[in-house]
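Could you walk me through the main sheets of this chain, the helices packed around them, and a few residues with unusual backbone or burial? A short report with one small table would be perfect.

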Amino acid sequence: MEKILEAIAANAETKAFESLTIPNSYRGAVIRKDEAEMFVGIKSAEKDPRKSVHIGEVRTPEIAPDEALIAVMASSINFNTVWSSIFEPISTFGSLSRLARESELAKRHDLPYQVIGSDASGVVLRVGSTVRNWKPGDKVTVHCNHVDDQDPTSHNDSMLGSNQRIWGYETNFGGLAELSVVKANQLMPKPTHLSWEESAVNALCNSTSYRMLVSSNGAKMKQGDVVLIWGATGGLGAYATQYVLNGGGIPVGVVSSPEKAAILREMGCEAIIDRSAAGYKFWNDDNTHNESEWRRLGGDIRGLVGEDPDIVFEHPGRSTFGASMFVVKKGGTVTTCAATSGYMLEFDNRFFWMRLKKLVGSHFANYREAWEANRLIGKGMIQPALSQVFTLDNTGEAANQVHHNLHEGKIGVLCLAPGEGMGIDNPELRDKIGEKKISLFRRSSK
Ligand code: NDP
């Protein structure tokens with residue numbers, strides 16, 4: 001790995017990368033198939049990623065003709081890192097065996113361990129024989145949409161592909177590691193003005209928020225739209241808030257502490273609800289909704305912006321979904337990509353049909369959407385939401401922080417990068433955008 005790092009530090013030519021020896025093994029954050037039952041009978045909140053995520057040496061796989069092997073400089077923790085490490089709602093090892101049935105090379109994925117992680121920034125080391133647009137030495141970020149481009153259902157919108165998967169969650173050889181195997185059509189140029197860790201934290205959450213709000217596959221937000229954003233300084237919300245502000249919308253950001261409210265204010269979001277201070281109780285008990293609390297939330301939103309939201313950016317799921325469907329404006333859209341607090345959702349259909357509302361299910365993003373979202377990062381129009389940086393050795397602890405909502409924005413993980421702040425190739429652009437904007441989340445967490 002030392003030689004690889006030297007070549008990266010020296011901005012070496014393609015030929016120099018081609019002549020490097022690829023190590024037979026590498027370090028990665030892995031979960032183990034024989035531990036998939038380790039948390040059975042334990043409450044979700046008590047399932048501890050620090051117990052299930054191991055840092056181990058794994059064998060370097062060969063690459064398929066349409067793949068690339070990358071040196072991972074940095075990665076990030078996503079909520080799917082939490083899901084895979086607590087084996088909820090299901091163990092991800094089932095996905096690996098299903099993938100293995102698809103082709104000879106896909107069998108590589110079915111191992112007694114899974115290298116997890118669905119974000120990365122790094123450098124291409126090797127490309128397969130059919131890769132045209134990328135070469136060793138290219139600096140990249142990776143989006144996590146893993147699709148079979150020979151499957152007709154993957155065309156038009158690749159998220160509709162019958163065997164679409166999330167890399168590092170439903171595949172092996174993910175990004176929380178020193179090396180990673182990705183499809184060439186997951187690669188995107190690394191933003192030149194950002195460090196490795198700033199570049200690594202965006203793709204998954206940024207692209208998801210872009211599709212949910214901006215894309216014609218999502219809510220198609222337009223100027224002046226009022227958008228209620230749950231978890232507005234969380235992984236998804238930090239980007240959603242920026243999209244609403246950039247697109248001329250009016251964000252109403254929901255957070256759970258004065259510290260998070262202060263971050264929102266600094267981002268330029270004026271309408272803020274602290275859900276902890278408000279103390280909403282949308283459920284009387286496990287089975288009974290509290291409609292008057294939905295009305296109270298609606299009243300609070302009207303109090304702040306004078307009208308109901310055109311769009312609700314929904315992901316907490318069971319705890320908030322009924323309220324989201326209630327408060328959205330007549331004819332408005334609830335866009336959802338998740339259900340952190342529970343996936344069996346309930347809402348009052350009378351308000352839905354009589355008020356002609358729309359519900360859009362959304363999941364990650366296709367290559368085009370991820371590319372557009374990455375382009376905005378590259379231009380400095382969307383900022384990385386990096387708040388903390390951990391080493392690869394501390395991946396379990398970092399995942400535990402996200403599991404318990406102790407973080408803001410995104411947590412970065414240094415993989416091969418020897419320290420923070422490295423990999424910035426365009427300091428002029430960085431100066432132009434301004435450190436204050438780029439490091440907003442990092443400063444707020446210190
Ligand atoms: P984060 O934990 O970073 O942020 C989510 C935020 O939501 C929290 O910080 C919290 O903010 C708020 N929140 C959590 N629980 C509740 C609740 N019960 N009621 C109200 N607000 C709540 O996670 P991400 O934003 O990265 O991901 C959120 C969800 O989306 C996860 O389930 C994840 O798996 C999923 N996801 C799905 C994707 C897809 O492609 N389908 C892509 C990315 C994420 P606060 O406490 O400040 O209110």
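Here is a short tour, from the sheets to the helices and then to single residues.

This is a predicted model, in which local features need pLDDT of at least 70 and side-chain atom pairs count only at pLDDT 80 or more, while totals for chains, interfaces and linings use all residues. Residues are numbered from 1 along each chain as its sequence is written, and side-chain values use heavy atoms, with hydrogens and water left out.

**The parallel sheet**

Let's begin with an open sheet of six strands, ordered β13-β12-β11-β16-β17-β18 and paired in parallel. Strands here are DSSP runs of E with at least two residues, helices are runs of H or I with at least four, and both are numbered from the N terminus. Two strands pair if DSSP finds at least two bridges between them. At the edges stand β13 (271-274) and β18 (358-361), each of which pairs on one side only. From one strand to the next, the twist averages 15°; axes are lines fitted to C-alpha atoms, for helices over the stretch in contact, and angles run from 0 to 180 degrees between N-to-C directions.

Within this sheet, β11 and β12 run parallel and are joined by four bridges, with I229 opposite G253 in β12. β17 (333-336) and β18 also pair in the parallel sense over four bridges, and T335 faces V360 in β18. On β11, V226 and L228 point one way, V227 and I229 point the other way, and all are buried. Buried means under 20% relative accessible area, exposed means over 50% and partly exposed lies in between (1.4 Å probe, protein chains only).

**The antiparallel sheet**

A second group is an open sheet of three strands in the order β2-β1-β4, with antiparallel pairing. β2 (54-59) and β4 (113-115) each have a single partner strand, so one side of each is left without a neighbour in the sheet. Neighbouring strands are turned by 60° against each other on average, direction ignored. Three bridges join β1 (25-32) to β4, where V30 stands opposite V115.

**Helices around the parallel sheet**

Two helices lie across strands of the parallel sheet, where contact means heavy atoms within 4.5 Å.

| Helix | Strands it lies across | Angle |
|---|---|---|
| α7 (203-213) | β11 (226-229), β16 (311-314), β17 | about 150° to β16 |
| α8 (235-246) | β11, β12 (250-255), β16 | about 170° to β11 |

α7 is mostly covered, with eleven of its eleven residues buried; among them are N206, R211 and M212. Helix α14 (367-378) has twelve residues and reaches 16 Å from its first C-alpha to its last, close to the 16 Å expected at 1.5 Å a residue (1.5 Å times one less than the number of residues). Its buried residues include E369, E372 and N374, and what covers the buried residues includes β6 (139-142), β10 (187-189), α7 and α8.

**Residues worth a look**

Which side chain of opposite charge is nearest to K260? It is E408, 6.1 Å away, and K260 is buried yet has no salt bridge. Lys and Arg count as positive and Asp and Glu as negative, with His and the chain ends not counted; a salt bridge needs a side-chain nitrogen of Lys or Arg within 4 Å of a carboxyl oxygen of Asp or Glu. K260 sits in helix α9 (258-267).

A cis peptide bond joins E88 and P89, with omega about -10°. L356 has a positive phi of about 50° although it is not a glycine, and counts as exposed at 55% relative accessibility. F364 has a positive phi of about 25°, but is buried, with a relative accessible area of 3%.
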